[in-house]
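Work through the exercises below with the sequence and the model side by side. Try each task before reading its solution.

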Amino acid sequence: MLDAIVCFGDSLTQHGYDVSKRGWVSQLSLAYIRRLDVINRGFSGFTSRWVLPLVPQLITPFKPKLLTILFGSNDSLLPSNPRHVPIAEFKSNIEQIVASCLPGTRIVLITPPSLGEKLYARHQTDRSMERTFESVKACADAVRDVARDLAVPCVDLWKAVEEKTKEIGGDLDGYDAFSYDGVHLNAGGNDLLFELLMQTIKSRFPELDPDSVQYLVPDHATVSASIAKGEDVGSIVLKNL
């Protein structure tokens, strides 16, 4: 098993592989190609409560070098929805996920992006508002609290979107620059999250900066030069594995 980065979350992570929207997980995969495997463990529609049983089977066995954790958009559904998770439980669930990590795993918590209520209402076919700006904000606040209490880095996507939408404005208050339905990320939102995540990795875990992680298999020029010196191709390509 090769060293890996695991991205754990809900639809914001699952859809992070959608290259048509410049998915942030696909961008991460490209950044680490031939260096670290990037594994998408996003589960659309799931909450922090629902994913807890999955951790021992789908996260821990990979012994990831880096684990990103992004939940809250579904936990923030209103109490009338059966998927609603109270804030105290939400915080406890995130803490349990972090505690389950093996020593040596670097962890980055990510807040859910802020909710664009006008854009969200436009995309609700029954015009119901299952989540609100304030309910998502409460989950974002909780993620920041956990990150502070556990001394782990936090990518504050909620704050970043809020700051940028205020600059943009418009009929949909600027949220359409980062989301296609008020909740999920479009290309602009994915670019923003990827940029913030890479900034955090490079500043907090410089050893995991892609430029600092060697190729798993040497590049073709190195292999060619080594063969020219009489080295065995098998020993050359396998020496880092």
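The exercises move from the whole chain to single residues, and the model they use is a predicted one.

**Exercise 1. The chain as a whole**

Describe the secondary structure of the protein chain, and decide how its radius of gyration stands to the globule rule.

Solution. Begin with the secondary structure, which comes to 11 helices and five strands. The radius of gyration is 20 Å, close to the 18 Å that the globule rule gives for 241 residues, so the chain is as compact as a globular protein of that length. As a further step, look along the principal axes, where the C-alpha atoms fill a box of roughly 70 × 35 × 30 Å. Then turn to the contacts with a separation of 6 or more, of which 72% are accounted for by residues 24 or more positions apart.

**Exercise 2. Surface and charge**

State what share of the residues is buried, and set out the surface and the charged side chains of the protein chain.

Solution. Of the 241 residues, 47% are buried. The accessible surface comes to about 11400 Å², and carbon and sulfur atoms hold 55% of that surface. For the charges, count 25 positive and 30 negative side chains, and then note that the centres of these two sets lie 3 Å apart.

**Exercise 3. Helix α8**

Compare the span of helix α8 with the expected value, and find out which elements its buried residues pack against.

Solution. Helix α8 covers residues 157-168, which makes 12 residues. From its first C-alpha to its last the helix reaches 16 Å, close to the 16 Å expected at 1.5 Å a residue. Next, pick out the buried residues of α8, which are Leu157, Trp158, Ala160, Val161, Glu162 and Thr165. These buried residues pack against two strands, β4 (106-110) and β5 (154-155), and against two helices, α7 (133-150) and α9 (187-204). Finally, look past the end of α8, where glycine 169 follows with a positive phi near 65 degrees.

**Exercise 4. Threonine 47 and glutamate 95**

For threonine 47 and for glutamate 95, give the place in the chain, the class of accessibility and the contacts.

Solution. Threonine 47 is placed in the loop between β2 (37-42) and α3 (48-51). Because its relative accessible area is 0%, and buried means under 20%, threonine 47 is buried. Once its neighbours within four places in sequence are left aside, threonine 47 is in contact with Phe71, Asn74, Asp75, Arg83 and Val85.

Glutamate 95, in turn, lies in helix α5, residues 87-99. Its relative accessibility is 29%, so glutamate 95 counts as partly exposed. Not counting residues up to four places away in sequence, glutamate 95 touches Val146 and Leu150. A last step concerns leucine 157, which is 62 residues from glutamate 95 in sequence and 19 Å from it in space, C-alpha to C-alpha.

**Exercise 5. Positive phi outside glycine**

Examine arginine 34 and lysine 63, and for each give phi, the loop and the class of accessibility.

Solution. Arginine 34 is not a glycine, although it has a positive phi of about 70 degrees. Arginine 34 is found in the loop between α2 (24-31) and β2, and because its relative accessibility is 38%, it counts as partly exposed. Lysine 63 is likewise a residue other than glycine with a positive phi, here near 45 degrees. The loop that holds lysine 63 runs between α4 (55-58) and β3 (66-70). With a relative accessibility of 58%, lysine 63 counts as exposed.

Notes. Residues are numbered from 1 along each chain as its sequence is written. This is a predicted model: local features need pLDDT of at least 70, side-chain atom pairs count only at pLDDT 80 or more; totals for chains, interfaces and linings use all residues. Side-chain values use heavy atoms; hydrogens and water are left out. Helices (H or I, at least four residues) and strands (E, at least two) are DSSP runs, numbered from the N terminus. Buried means under 20% relative accessible area, exposed over 50%, partly exposed in between (1.4 Å probe, protein chains only). Contact means heavy atoms within 4.5 Å. The expected span of a helix is 1.5 Å times one less than its number of residues. The radius of gyration is taken over C-alpha atoms; the globule rule is 2.2 Å times the number of residues to the power 0.38. Accessible areas come from the Shrake-Rupley method with a 1.4 Å probe; for residues, only the protein chains shown count as cover. Lys and Arg count as positive and Asp and Glu as negative; His and the chain ends are not counted. The place of a charge is taken as NZ of Lys, CZ of Arg, CG of Asp or CD of Glu.
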